[in-house]
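Notebook open, structure loaded. I want to look up the sheets first and the chain contact after that.

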Amino acid sequence: MTLSKIFIVAKKEMIEIIKTKSQMLVGLFFALWFSVMSAPVVKTVDEAAVFDTFNNLMFYFVLMMGIFMAYMFSGKVFFNEKREGNIETLLCTPLSLRQIWFGKVVGVSIVAYLIALLSAALITIIANIFSTSMLLPLPAIFVHIFLVVPAFIAVAVGLLGFGHLLLGMRENQILNISFFIVIFFAFSLPKNVIGGGFAVSWIEVGVLLMVAVLLLVFVSYLTRYLSKERIVTTIA
Amino acid sequence: MIEIQDLSKKFNGKTVLTGLNFQIKEGEIFGYLGPNGAGKTTTMRIILGLLRPSSGKAMVFGGDLESNDELRSKVGILLENDGLYDGLSAYENLYYYARLYNVSNIEEKINNLLDFAGLTQRKSDKVGTFSKGMKRKLGLSRAMIHDPDVLFLDEPSSGLDPEAQRMVRDLILHLAKEKRTIFLNSHDLDEVQKICSKIAILNKGTIQAYDKVENLRNKFSNPVFEITLNDAVNAKNAFDLLQSLDYVSDCKPDGFRITATLKEENYSKILNELVSNGIKVEEAKKLAKSLEDVYLDVVKEESS
């Protein structure tokens, strides 16, 4: 029963995000834009470094794209719901606060992850167009994309959702701007991460996976500090 | 059914509700009145478990809605916000809440409610394209999707045209006949007067009046008497006389008609006074006291 309620919330959030055409178009545009802008880098590096560069690109950009989408959709799902006051009605349903939070995290994470997967596919296709040899991700990158990326997306959605529910409207705007600046800065880093003789291995992927799991536990623990009173009194 | 005991609430040391006590029984329509900022919404939020009381208790079915999921499934709410998602269609909104409340026969239930709201033709349209009145009606349908035993309605008729207001009133009365309990938070005194069996008037965080509408009318409002004279001379004499009487608190002329507010209910005494002074009265009648008079008296009394 508990899980089914969580999935009812998650499904509704997914439908609402997908039906908000402007938001979906922006998400898809960014996936395409960053893939088109980043993937041709394989053409500019030495033949010997192409494979590493491609994997580094997949390692970094897919993760960042997922987190960026998490940021975009969390605002709609948590912040708007609070600003518009619908959260009060939802809090009066037979769902617990944690079920509501968790359902929303699952719903947003799935859509954000699908767009991250799309950007992974686009990067692979575009990189192969610009490369003379066939480029496929390393097994470690596959694990990264299928485990680490969704875990970090869930962490980002969970943290942002927690912040949106906990904080007042003004603090939330500051949170949104701060998060956007961090993401913007992170997107401008790839030259240092992707090039420079660095090659992603199982170690990096393993460490990130552990960090993601720890963060998920931490975010889940943080929700203990949420209360209906806190949410309701920070609406206006 | 709903029991409020010594309920108080403070926000950052500021008291917003003080020692509220009232009970609402099964099948009652309870009107909760008060000026803006009196604490009506805060009271409702405490009962719904959205806020914790600083002291006292707010119980529904003998329990606390904040911690009891099962109890919350027996309660329907329509707050100031309709609780609808603009990006979803009317059908999808109702379907979502129906699933959350684990409603059986979802299709039939949704179709009946869309029919009630007059939105069957627009069930696939996004709620964001609806007018305020349409959203209000859909919000009311949403609140009833799980056949709740208790309904909390905050200004349910707000934004509705007269026909829809009538429909909502009839619906509330129908629900009460089915032994459902209604907590109605409203500024529409006419609506409250027509449908509520009991009311409480809240002002500055305390309940100033709590009783049946009829009892409050008798208790709080000063008796009003209207006399019609046959000519201007008589009207002037009557007005002068009424103003001089110590048991007449207010006197308003309107052509040959005078409305007098009495300090005590003594209509025969006033008539005798007029006749004995040679004033020819064409018509004299007691005016029915409206809930608005009671409300204004209560709120004014407290303010002064």
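Before anything else, my rule for pairing: two strands pair if DSSP finds at least two bridges between them. Strands (E, at least two residues) and helices (H or I, at least four) are DSSP runs, numbered from the N terminus.

Ground rules next. I am working on a predicted model, where local features need pLDDT of at least 70 and side-chain atom pairs count only at pLDDT 80 or more, while totals for chains, interfaces and linings use all residues. Residues are numbered from 1 along each chain as its sequence is written, chains are lettered from A and ligands numbered from 1 in the order in which they are written, and side-chain values use heavy atoms, with hydrogens and water left out.

**Entry 1, the three-stranded sheet.** I started with β1(B) and β2(B), which pair in the antiparallel sense over seven bridges. Within that pairing I found Lys9(B) bridged to Leu17(B) of β2(B). The hairpin of these two strands has two residues between the strands, and Asn12(B) there takes a positive phi near 50°.

What does β1(B) join with five bridges? I traced β1 (residues 2-11) of chain B to β4(B), and the two run antiparallel. Going along β4(B), I noted Met59(B) opposite Glu3(B) and Lys57(B) opposite Gln5(B).

Put together, this is an open sheet of three strands, ordered β2-β1-β4 in chain B, with antiparallel pairing. Its edge strands are β2 (14-24) and β4 (55-60) of chain B, each pairing on one side only. Neighbouring strands are turned by 25° against each other on average, direction ignored; axes here are lines fitted to C-alpha atoms, for helices over the stretch in contact, and angles run from 0 to 180 degrees between N-to-C directions.

**Entry 2, the four-stranded sheet.** Further along chain B I found an open sheet of four strands in the order β11-β12-β10-β13, again with antiparallel pairing. Why do β11 and β13 of chain B each have one side without a neighbour in the sheet? β11 (248-254) and β13 (281-287) of chain B stand at the edges with a single partner strand each, so one side of each stays free of a neighbour in the sheet. The average turn between neighbouring strands is 20° in this sheet, direction ignored.

I checked β10 (residues 224-229) of chain B against β13(B): six bridges, antiparallel. Glu226(B) stands opposite Lys285(B) of β13(B). Helix α10 (residues 267-276) of chain B packs on this sheet and touches β10, β11, β12 (257-262) and β13 of chain B; contact means heavy atoms within 4.5 Å. The helix direction makes about 25° with that of β10(B).

**Entry 3, chain B against chain A.** How many residues does each chain put into the contact? I get 30 from chain B and 25 from chain A. The area buried between them is about 2700 Å², 57% of it from carbon and sulfur atoms; buried area is the accessible area (1.4 Å probe) that two parts lose on being put together, summed over both. In chain B, Leu50(B), Tyr85(B) and Leu100(B) lose the most area to chain A, together 24% of what that side buries.

I then listed salt bridges (a side-chain nitrogen of Lys or Arg within 4 Å of a carboxyl oxygen of Asp or Glu). The structure holds 22 over all chains, and three lie between chain B and chain A. One of the pairs I looked up is Arg45(B) with Glu88(A), closest N and O atoms 2.7 Å apart. That pair crosses from helix α1 (residues 40-47) of chain B to helix α5 (residues 86-91) of chain A.
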